[in-house]
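Trainee: I'd like a close look at one small part of this structure. Could you walk me through it slowly?

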There are 2 protein chains.
Amino acid sequence: MFSKTAEYAIRATIFIAQKSDPDHKIGIEEISKAIDSPASFTAKILQMLTRGQELISSVRGPNGGFFMTAEARKLPLLRVLELVGEDGVLKKCVLGLKECSEEKPCPLHHRYRKLKPELARMFEEMQIGQLAGELDAGATFVGNKGRGAGKRPMPGGSKATR
Amino acid sequence: MFSKTAEYAIRATIFIAQKSDPDHKIGIEEISKAIDSPASFTAKILQMLTRGQELISSVRGPNGGFFMTAEARKLPLLRVLELVGEDGVLKKCVLGLKECSEEKPCPLHHRYRKLKPELARMFEEMQIGQLAGELDAGATFVGNKGRGAGKRPMPGGSKATR
DNA sequence: TAAATAAAAGACAAAAATATCTTTAATTAT
DNA sequence: ATAATTAAAGATATTTTTGTCTTTTATTTA
Ligand code: FES
Ligand code: FES
């Protein structure tokens, strides 16, 4: 569905929204560890998301790191896709035709017509802050470690970040 | 959403279903021209789809080519995705977590939970023959040429293939 | 001011996806 | 049998994606 870039972008954004605020910034090491992504690669992706400091903000130097403002938290998740240039998934033809329209529909168009807007709406309506809240409540996960299947973390290993 | 491989695979399959039968086989040149795809690459993809001759059949030599049986036309479009190894899109976590479950849901899981099965159902229920019929009726398109926007074909240029 | 810290920027590397080209094998028609 | 045709198979090339490493810049603390 999405590229690794988009996946990491979304997971990182929601994690940053959960863990940070203007005076509790968070570093790339911690982020990539939490979302199970390669640190350097994730750093590159975050550079896309900090352009204009509209979505994710960052400051360099000691006590620096990434964070989000209350404003940014109100943005729709779609903004993340836009910043990494992958909002096309929600707009373009599923079969890769150059044009998606009623005039020249691909064989899936009519059936996909109902689903595509729902998918798009989903990304428009999901608010980053809301998703972060659910993550904070322990209801959702942005990384592979934790509970569920897979190997369990060591008991008492959760020296929570804050 | 899908890779080029999957896109070409679906478009080619539907086109073959429309244009061919056991004694009107169709060659790779014609297929790739019709679906606007690179010929050699499409040939490779068709090799995946002819494995076992369950979906697409082929014979070599003069008057050879690709074709589909009536049986094959009854298969769901999902089969194409399976044969090119991309049915994961319909099953795996949208955010790329290793596991997708209620026990360890990603932040999008609960909202995507309604859509994913609908998408999957779509591919299970779409029957190749049905889609080919609509293509044959001129209601849908598998290539970029034709009508709609873009440049029009020369009037009278449609020396129909059959 | 100097040293330490952390992201930004840039260069580089590896892997995967996409695309092309060549050779081989099967089939048909002559 | 021979030649022609067409897909299969294999090798190779290109591009894009993913990932790493190094250097630079901004910022803070000592
Ligand atoms: S033309 Fe393919 S989805 Fe609209
Ligand atoms: S866990 Fe991500 S979609 Fe189910």
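Trainee: Which residue follows α2(A), and what is the sign of its phi?

Mentor: Keep in mind that this is a predicted model. The residue that follows α2(A) is A:D36, and its phi is positive, near 60°. Why bother with the sign? Most residues other than glycine have a negative phi. That makes A:D36, with its positive phi, a nice spot to begin.

Now step back into the helix itself. Helix α2 of chain A covers residues 28–35, and its buried residues are A:I31, A:S32 and A:I35. Look down the axis of α2(A) and you'll find these buried residues within an arc of 90°, so they line one face of the helix. Here's the background: an α-helix has 3.6 residues a turn, so residues three or four places apart point the same way. And what sits over the buried residues of α2(A)? The cover includes α1 (4–19), α3 (39–50) and β2 of chain A.

Next, go to the other end of the helix, at A:I28. A polar backbone atom of A:I28 is 3.2 Å from a phosphate oxygen of DNA strand C. That brings us to the DNA. There are 26 residues around DNA strand C, and the ones that come nearest are A:K44, A:S58, A:R60, B:P38 and B:P62. Of the strand's atoms that come within 4 Å of the protein, 62% belong to sugar and phosphate. Sorted by class, the surface near DNA strand C has nine nonpolar, 11 polar and six charged residues. Both chains take part: α3, β1 and β2 of chain A, and α1 (4–19) and α3 (39–50) of chain B, each supply at least two residues of that surface.

Two more contacts are worth finding on your screen. A backbone N or O atom of A:G61 lies 3.1 Å from a sugar or linking oxygen of DNA strand C. Over in chain B, an N or O atom in the side chain of B:N63 is 3.4 Å from a phosphate oxygen of the strand.

B:N63 takes us back to where you started, with phi. This residue has a positive phi of about 65° although it is not a glycine. You'll find B:N63 in the loop between β1 (57–59) and β2 (65–67) of chain B, and it is exposed, with a relative accessible area of 73%. In chain A, A:N63 lies in the loop between β1 (57–59) and β2 (65–67). Its phi is positive too, near 65°, and A:N63 is exposed, with a relative accessible area of 72%.

Definitions and conventions: Residues numbered from 1 in each chain as written. Chains lettered and ligands numbered in written order. Predicted model: local features only at pLDDT ≥ 70, side-chain atom pairs only at ≥ 80, totals over all residues. Heavy atoms only, no water. Helix = DSSP H or I, 4+ residues; strand = E, 2+ residues; numbered from the N terminus. Buried < 20%, exposed > 50% of the residue type's maximum accessible area, 1.4 Å probe, protein only. Arc of directions from axis to C-beta. Contact = heavy atoms within 4.5 Å. Near = heavy atom within 4 Å. Polar contact = N/O pair within 3.5 Å; in protein donor to acceptor, adjacent residues only side chain to side chain. Nonpolar A, V, L, I, M, F, W, Y, C, P; charged D, E, K, R; others polar.
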